[in-house]
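Grab a pencil and work through these exercises with the sequence and the 3D view open. Try each task yourself before you read its solution.

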Amino acid sequence: MDLDDQGNVQKLADETGKDEMIVILGQPDPNSAGLFAETVTSGDPTWAGPLAGVPLGLPVYHVLESEIKEQMDPDLYMEHVGLMELSADVDEIIKWVKFYREGGGK
Amino acid sequence: MNLEGKQVVAIGEREGVNGPSLRLLAESANAKVVFSVTQCFV
């Protein structure tokens, strides 16, 4: 994740608290989705940014996960996610985001 | 995970679903988006 954005996420977590915070991802492949999920849970795996060694432990979900999808406006979802939903490896993306959400990689 | 009332950090990607789109979608689920960004993964 971009180093400035790591800093922004860390600042938000520190200032507003993590209790009501949730991260939603929109990456189109398992590698990038997993990397971002890891960064906001167990810390920056590249050790380059402010979240290196900082396990924020934020709840992270992908927009393709059904429990997230079903809460969103269906027309908007079709417009903004529909194409990616057809082409992406949905199961593999969700597998890796869930892996890190549930504490994997620590 | 119920999104209603949650403070959402939306991390989109240019080749996937971008930040502004995630913001619209999260707001349609009555969440409050506190930060959204579009990354470029290389």
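You'll need one definition right away: a residue is buried if 20 or more other C-beta atoms lie within 10 Å of its own, exposed if 12 or fewer, and partly exposed in between, with C-beta atoms placed from the backbone. Helices (H or I, at least four residues) and strands (E, at least two) are DSSP runs, numbered from the N terminus. This is a predicted model, where local features need pLDDT of at least 70, side-chain atom pairs count only at pLDDT 80 or more, and totals for chains, interfaces and linings use all residues. Residues are numbered from 1 along each chain as its sequence is written, while chains are lettered from A and ligands numbered from 1 in the order in which they are written.

**Exercise 1. Find which residues of α1(A) are buried and which exposed residues sit on the face turned away from them.**

Step 1: Pick out the buried ones, which are D5(A), Q6(A), V9(A) and A13(A).

Step 2: Look down the axis of α1(A): the buried residues fall within an arc of 110° (taken from the directions from the helix axis to the C-beta atoms), so they line one face of the helix.

Step 3: Turn to the face pointing away from that buried side, and you meet the exposed residues D4(A), K11(A), D14(A) and E15(A).

Step 4: Ask what the buried residues pack against: β1 and α2 (30-41) of chain A, plus β1 and β2 of chain B. Here, two residues are in contact if their C-beta atoms, placed from the backbone, lie within 7 Å.

**Exercise 2. Check the end-to-end spans of helices α1(A) and α4(A).**

Step 1: The expected span of a helix is 1.5 Å times one less than its number of residues.

Step 2: Helix α1(A) (residues 3-16) has 14 residues and should span 20 Å; its end C-alpha atoms are 20 Å apart, which agrees.

Step 3: Helix α4(A) (residues 74-87) also has 14 residues and should span 20 Å; its ends are 18 Å apart, and that agrees too.

Step 4: Now look at V81(A), where α4(A) bends by about 60° (the angle between axes fitted to the seven residues ending there and the seven starting there).

Step 5: V81(A) is also one of the buried residues of α4(A), together with Y77(A), H80(A) and M84(A). These pack against α3 (66-69) of chain A and α1 of chain B.

**Exercise 3. Describe chain B and work out how β1(B) pairs.**

Step 1: List the elements of chain B: 1 helix and 2 strands, running β-α-β from the N terminus on.

Step 2: Strands pair if DSSP finds at least two bridges between them. β1(B) and β2(B) pair in the parallel sense over 7 bridges, with K32(B) in β2(B) as the bridge partner of Q7(B).

Step 3: Cross to the other chain. Strand β1 (residues 21-25) of chain A pairs with β1(B), also parallel, over 5 bridges. There I22(A) stands opposite V8(B), and L25(A) stands opposite I11(B).

Step 4: Count burial: 6 of the 7 residues of β1(B) are buried, so this strand is largely enclosed by the rest of the structure.

**Exercise 4. How many residues does each chain bring to the contact, and which element of chain B gives the most?**

Step 1: Chain B brings 27 residues and chain A brings 30 residues.

Step 2: On chain B's side, β1(B) gives the most, with 7 residues.
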